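Me: Please take one part of this structure and look at it closely with me, beginning with a single pair of residues. I am in my first year, so please explain each term as you go.

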Amino acid sequence: MSVTTQTDSSARAAEAALGALGVRCRVEARGNLAVVIPGPGDRSFEDAGARRAALAALRAQGFTHAAVELPDDREPATEFGPLAG
Amino acid sequence: MHDHQGICAAGGRAEAAPAPAADKELRLAAWLDAHGPVLIGFSGGVDSAYLACIAVDRLGPESVLAVIGRSPSYPAEQWETARRVADQFGIPVVEIDTQELHDPNYAANPSNRCYFCKTELWSRLLPLARERGFATVLDGTNADDLTGHRPGAAAAAERGVLSPLALLGFTKADIRERSRARGIPTWERPSSPCLASRIPYGTAVTPERLAQVERAEQALRAIGVRGDLRVRHHGDLARVELSGPDLDRWLAPAEARRLRGAIRDAAGFDRVAVDLRGYRSGSLNVLACVSAA
């Protein structure tokens with residue numbers, strides 16, 4: 001499996017894991033760092049419990065670090081499809 | 001149950017209680033008496049500030065020289081603190097420029113980057129010590145620093161630089177406690193490693209990247225971020241590590257907008273992300289698999 005394919009599959013698996021927690025997002029895999037890009041209006045990560053659950057889910061996918069991207073208000077919001085599962 | 005010497009007996013096996021910090025300070029004073037005059041690598045951080053203050057108090061300013069090594073990796077805020085502490089406590093200070101960025105071994109930013117940085121530092125301080133008649137060269141390494149990934153300590157040991165705080169068992173908590181007791185203002189400052197610690201291993205350390213993370217952190221302090229703070233450089237993305245208790249505040253929409261805007265305007269990062277776990281010492285060691293998660 002190429003590095004790019006492995007990275008993509010890690011990111012998709014992470015998105016599915018977070019989706020199971022009710023978090024609508026995209027995940028960008030940068031090595032051991034997962035950059036979580038929340039869906040429009042998603043405020044899950046303001047809650048400490050939700051952050052802990054998300055971290056555990058991402059760690060289970062092999063990431064050692066996770067960060068939630070802060071939206072750029074100057075750009076149009078990214079459209080997300082329905083949550084998986 | 002404790003006997004009169006403070007030894008705790010548990011299950012029939014005696015275990016020594018750790019010495020109080022004040023006792024360690026008495027031993028430090030005696031140690032300095034035996035090793036002075038001393039030249040100290042002085043960054044203005046919690047440890048070297050405490051060591052320099054004790055040394056001047058014990059040996060007198062004529063027997064102590066604190067040397068600040070300046071380079072683009074040395075935060076301006078820490079330099080200001082170093083000068084302030086030196087002025088307040090009468091610590092003689094000399095500043096020298098260090099050139100670690102000109103060493104390709106350092107600039108490549110391997111996981112033992114600190115070894116090359118400290119090699120450069122001590123290669124400049126040791127001749128200065130000889131020239132000025134200082135018998136012993138010291139650094140502020142403490143006992144807690146002896147665990148974890150610390151390649152800089154190897155460079156110090158190779159050159160005969162001594163670490164009395166580590167030698168005498170001073171923990172970071174001891175140093176903060178004794179600093180507070182002596183009115184040294186660094187007692188409650190967050191830890192403050194060099195700016196290169198914000199750049200992931202394998203990504204070159206450049207003056208531009210160092211300045212970028214420094215401006216980002218300064219901007220966050222200006223909008224009210226307190227406690228431990230690191231802005232880690234991931235190319236187009238700044239990953240912000242905050243103190244755990246601050247995450248709730250800075251992830252709320254209004255504050256998140258302020259935080260993102262501050263970094264974008266000051267440092268030019270296109271993207272800003274907040275680390276979900278918060279500040280972690282040695283975070284980039286874990287990211288690079290140099291240390292366990």
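Reply: In E5(B), the residue that serves as bridge partner of B:Ile68 is B:Glu95. Before going further, please keep in mind that this is a predicted model, in which local features need pLDDT of at least 70 and side-chain atom pairs count only at pLDDT 80 or more, while totals for chains, interfaces and linings use all residues. Residues are numbered from 1 along each chain as its sequence is written, chains are lettered from A and ligands numbered from 1 in the order in which they are written, and side-chain values use heavy atoms, with hydrogens and water left out.

The names of the elements follow DSSP runs, numbered from the N terminus: helices are H or I runs of at least four residues, and strands are E runs of at least two. Strand E4 (residues 64–70) of chain B runs parallel to E5(B), and five bridges link them, where two strands are said to pair if DSSP finds at least two bridges between them.

These two strands belong to an open sheet of four, ordered E5-E4-E3-E6 in chain B, with parallel pairing. At its edges stand strand E5 (93–97) and strand E6 (136–138) of chain B, and because each has a single partner strand, one side of each is left without a neighbour in the sheet. On average, neighbouring strands here are turned by 25° against each other, with direction ignored. Packed on this sheet is helix H2 (residues 46–59) of chain B, which touches strand E3 (38–41), E4 and E6 of chain B and whose direction makes about 165° with that of E3(B). Contact means heavy atoms within 4.5 Å, and axes are lines fitted to C-alpha atoms (for helices over the stretch in contact), with angles that run from 0 to 180 degrees between N-to-C directions.

The backbone of chain B also has two local features to look at. B:Gly36 and B:Pro37 are joined by a cis peptide bond, with omega at about -5°, and B:Pro37 lies in the loop between helix H1 (21–35) and E3 of chain B. B:Asn109, although it is not a glycine, has a positive phi of about 60°, and this residue is found in the loop between helix H4 (104–107) and helix H5 (113–132) of chain B.

A second sheet takes strands from both chains. It is open and has six strands, in the order E1(A)-E2(A)-E3(A)-E9(B)-E8(B)-E7(B), with mixed pairing. Its edges are E1 of chain A and strand E7 (229–234) of chain B, each with a single partner strand, so one side of each is left without a neighbour in the sheet. From one strand to the next, the twist averages 30°. The two chains meet where three bridges join E3(A) to strand E9 (residues 271–275) of chain B, the two running antiparallel, and A:Val68 stands opposite B:Val274 in E9(B). On the chain B side, strand E8 (residues 237–242) pairs with E9(B) in the parallel sense over four bridges, with B:Arg239 opposite B:Ala273. Helix H9 (residues 207–222) of chain B lies across E7 and E8 of chain B, at about 145° to E7(B).

Around this shared sheet, 25 residues of chain A are in contact with 27 residues of chain B. The rule finds six salt bridges across the interface of chain A and chain B, a salt bridge being a side-chain nitrogen of Lys or Arg within 4 Å of a carboxyl oxygen of Asp or Glu. In one salt bridge, A:Asp72 pairs with B:Arg264, and their closest N and O atoms are 3.8 Å apart. Another salt bridge joins the side chains of B:Asp248 and A:Arg51, at 2.7 Å from N to O. This pair crosses between chains, from helix H10 (residues 247–251) of chain B, which holds B:Asp248, to helix H2 of chain A, which holds A:Arg51.
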